[in-house]
Amino acid sequence: MFKNYFKSAWRSLARGRSFSFINIAGLAVGMAGAILILLWVANEVSFDRFHRNKDRLYRIWSMTEIPGEKHAPIDVVSQPLGPALQQEFPEVEAFSRVANVDGFLFTVGGRSFTGIEGSVVDTAFFKLFSFPLVAGAPGEQLRNIHSIVITERLAVKLFGTTNALGKTLRLDSVDNFTVTGVLKDLPPNTQFTFDYLLPWAYWQKIGWYNDNWISNNMPTYVLLRPNVDIAEFNAKIRNLTRIKAGRNDLWVHFAYPLSKWHLYSKFDDGKPSGGRIVQVRVFEWIAAFILVIACINFINLSTARSEQRAKEVGIRKVVGAGRFLLIGQFITEAFLTTCIAGSLALIIVQLVLPGFSLLIGTSLRVPYENGEFWLYAFGFLLVTSLLAGSYPAFYLSAFKPVGIFRKEFRRPMAVFSPRRVLVVTQFTFAIVLIISTLIIREQLQYAENRDTGYARNSLIYLPLEGEIGKNYPLIRQELLSSGVAVGVSKNMLPMILNNVSGWGLRWPGELARDTITEINLFSEDADLVRTAGLQLVAGRDIDIYTHPTDSFAVLLNETAVKVMGLKDPVGQVLRVPSEHQLFTVVGVVKDYVVGSPYSKVPPVVIEGPASSYFNVIHFKLNPARSTADNLARAEAIFKKYNPAYPFDYEFSDQRYASLFRHEQRTRTMSGLFAGLTIFISCLGLFGLSAFVAESRVKEIGVRKVLGASVAGIARLLSMEFVRLVVISLVIATPLAWYAMSRWLSDFNYRIGIRWETFVVAGVLAIVIALATVSFQAVRAAMANPVKSLRSE
């Protein structure tokens, strides 16, 4: 029986080659799009789920509790908190701090390398995380202060081979390290990005350990013992910092499970409220929409061919075929079509996957060697064939033989016929995606065009590494005297990445709640205003070379002045009781963008050197000279005073542009799949319009004989489909408005949704639909009526 099913199915596909091609092409493209999205979704939901102890891994978070304000969690804690957790709470089996670093100079055999991402971790790191070793004794990798674990990729880069166990390298031209372990390269589905690991003891040796309980700057992870009640554990550790620091106005702590690190990183008033999971869910729906649209093509074209298949159904019923046998026959046809389309879809996926991986910034692959994949693939094909084939099977098998041979089976075109409803559904999905893509594009442009409050062009920064700190006065003087730079400033972090916050700053007229107000901190030695192009509102810039007492000076931004309620800020004295220091406000600068270009401007305090630190140098290139000439001269200066290190600089405007990468990918992906949806919908519309034109050929002939023009007939055939697209636009508009309003609510700096966007999307959809059906309409209108009426 099944053999006959497949024979009949194959013959049916062969007889209607053009419709079979449209069906298979539409399904193949739709399935390929859905597979690409599902590969990305699978990668997102599997983040860090490969660790052996994944169900017992937690990250410790801190959370402020300011009366009258929402709780604001952050995913870092103080450096001494990790050891205290293991010592004082038996629920903690092991812990590890993970300090990310990238400023070390690696030297191997006379060759030097910088900019390599790594982490400094505690010895229990490999007890928590299951990153596979390809060489080295498990548990012994980071016991020695001068041991280092590297990935295979870094081993090849440094030594030219993965066989690097026992080899030595030099860090910062100071300490020799021995490779005690080689790791497999990290998979794409992990939050960690290191290429090497150093022991925590080395962090302490070089003086980077900070035992201050009120300085939150360290990602800290714990492995809890089996069967620990997480609610009880969180209640126990909640006030640990308050107890250790002797202050009841500090933050509290809680442990957050591994399963939520990547997808649920957004909080609202201290409770998880989403994050990347929202984007994952959206693209899951898009994958479903694309597949449904491809299936709608199959359904519409199959039911449209009902007249051609009607006699076949009638003859089969006359010779004894029951309805369920006919349903099996049509489902088999759908399954065969789906299998062919699925094979083509895998070929398409394999061809476009490298480009798609590049687009999303993650390396994806189809796991052909995984048996589970093929099980899911079969289920995917089965569901798709049932989705596409069920309605046509039940529809065609319901025809009665007597009515078929008398040609009484044709149903009048009802206003709400299933075929029209399905076309409307297709274009509703497509228009929602078009509108969404346009709004995402507008939001991205709006943020990109935001006034940052400082001049990014020709502003360069580079790390304060090697001999630069010792020779900074000479470097600064030579950059300015040579005409390479018009301003030089030593700072805490790059301006575009400044995300260091502090608490405990006091000011005149403060309220009790102000003692734990979060303040964004920055630092300079001199000339930041001139170098970065900040705008002074009052007072002057910090300059320790002209005013030595400016080591204890600060600048405020306008938001900080408002938060502090200072009417005449210049000359006011701020206090940091924990450090017993006083700072004088010497100037106020106009607000500038700090961190995310989508966020509100926070209160910012720019400190002098007395209570801050410096990691980078900013300098503004001289606009009177070419950029190439300035860079060549600057490189010579830095090589002169820091010969062991390469001149590793970055332009601020290029780095700022990279902050939009995530939204740019979202825009590109939504645009890509919107285009794919339109293509599949138009493919079905093209086939459907061809069949409608074919089924109305005699009507068209009569109209032409009675004097109808080609334009009039073409308009008659086209307007039916245009009306359906207009109905789709009416339905899609509120759906898209609601969805994009929710998406935009995540941004503090955002656009308003404009009605013009919906008009553009509607016109675009109508033009595309007209272009699709007009070919068939004009072709039918231009046909010779003699040929269509000769049998009458």
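## Asn 43 in helix α2

Leaving out residues up to four places away in sequence, Asn 43 touches Pro 188, Asn 189, Thr 362 and Leu 364. Please keep in mind as you look around that this is a predicted model. Asn 43 belongs to helix α2, which covers residues 17-45. The Asn 43 residue is buried, and its relative accessible area is 7%.

## The largest nonpolar core

Helix α2 also takes us into the largest nonpolar core, to which α2 gives the most, with 13 residues. This core has 44 residues, and those touching the most other members are Met 31, Ile 37, Trp 40, Phe 356 and Phe 673. At least two residues of the core come from each of α2, α9 (276-304), α11, α12 (371-397), α14 (418-448) and α20 (661-695). As background, nonpolar side chains tend to be buried together in soluble globular proteins.

Met 31 is a good place to zoom in. Setting aside neighbours within four places in sequence, Met 31 is in contact with Leu 291, Thr 338, Ala 341, Gly 342, Ala 345, Phe 380, Leu 381 and Thr 384.

## Two helices with buried residues

In helix α5 (residues 152-159), the buried residues are Leu 154, Ala 155, Leu 158 and Phe 159. They line one face of the helix, because their directions fall within an arc of 105 degrees when seen down the axis of α5. A general rule helps here: an α-helix has 3.6 residues a turn, so residues three or four places apart point the same way. The buried residues of α5 pack against six strands: β4 (106-108), β5 (111-113), β8 (147-151), β9 (168-171), β10 (175-183) and β11 (196-199). After α5 comes Gly 160, with a positive phi near 80 degrees.

Now turn to helix α3 (residues 81-88), where Leu 81, Gly 82, Pro 83, Ala 84 and Leu 85 are buried. Their cover includes the strands β1 (57-64), β3 (92-101), β12 (220-224) and β13 (252-257), along with the helices α7 (230-237) and α8 (240-245).

## Salt bridges

The whole structure holds 19 salt bridges. One of them joins the side chains of Glu 93 and Lys 127, at 3.6 Å from N to O. This pair links distant parts of the chain, with Glu 93 in strand β3 and Lys 127 in helix α4 (residues 125-128), 34 residues apart. Glu 93 is buried, at 18% relative accessible area, whereas Lys 127 is partly exposed, at 41%.

Another salt bridge brings together the side chains of Arg 540 and Asp 550, with an N to O distance of 2.7 Å. Both residues sit in the loop between β20 (536-539) and β21 (553-557), so the pair ties together parts that are ten residues apart in sequence. Arg 540 is partly exposed, with a relative accessible area of 29%, while Asp 550 is buried, with 2%.

Arg 754 and Glu 756 form a salt bridge too, and their closest N and O atoms are 3.8 Å apart. Arg 754 is partly exposed, with a relative accessible area of 41%, and Glu 756 is partly exposed as well, with 29%. Elsewhere, Arg 56, Glu 93 and Lys 127 are joined into one network by salt bridges that share partners.

## A nonpolar patch on the surface

Finally, have a look at the outside. Leu 344, Ile 347, Ile 348, Leu 351 and Val 352 form a nonpolar surface patch, and together they have about 430 Å² of accessible area. One of these residues, Ile 347, lies in helix α11 (residues 323-360), and α11 is also among the helices that supply at least two residues of the largest nonpolar core.

Key: Residues are numbered from 1 along each chain as its sequence is written. This is a predicted model: local features need pLDDT of at least 70, side-chain atom pairs count only at pLDDT 80 or more; totals for chains, interfaces and linings use all residues. Side-chain values use heavy atoms; hydrogens and water are left out. Patches are made of residues with over 30% relative accessible area and no salt bridge: like charges are joined within 9 Å, nonpolar side chains (Val, Leu, Ile, Met, Phe, Trp, Tyr) within 5 Å. Accessible areas come from the Shrake-Rupley method with a 1.4 Å probe; for residues, only the protein chains shown count as cover. A salt bridge is a side-chain nitrogen of Lys or Arg within 4 Å of a carboxyl oxygen of Asp or Glu. Helices (H or I, at least four residues) and strands (E, at least two) are DSSP runs, numbered from the N terminus. Buried means under 20% relative accessible area, exposed over 50%, partly exposed in between (1.4 Å probe, protein chains only). Contact means heavy atoms within 4.5 Å. The arc is that of the directions from the helix axis to the C-beta atoms. A nonpolar core is a set of buried Ala, Val, Leu, Ile, Met, Phe, Trp, Tyr and Cys residues joined through side-chain atoms within 4.5 Å.
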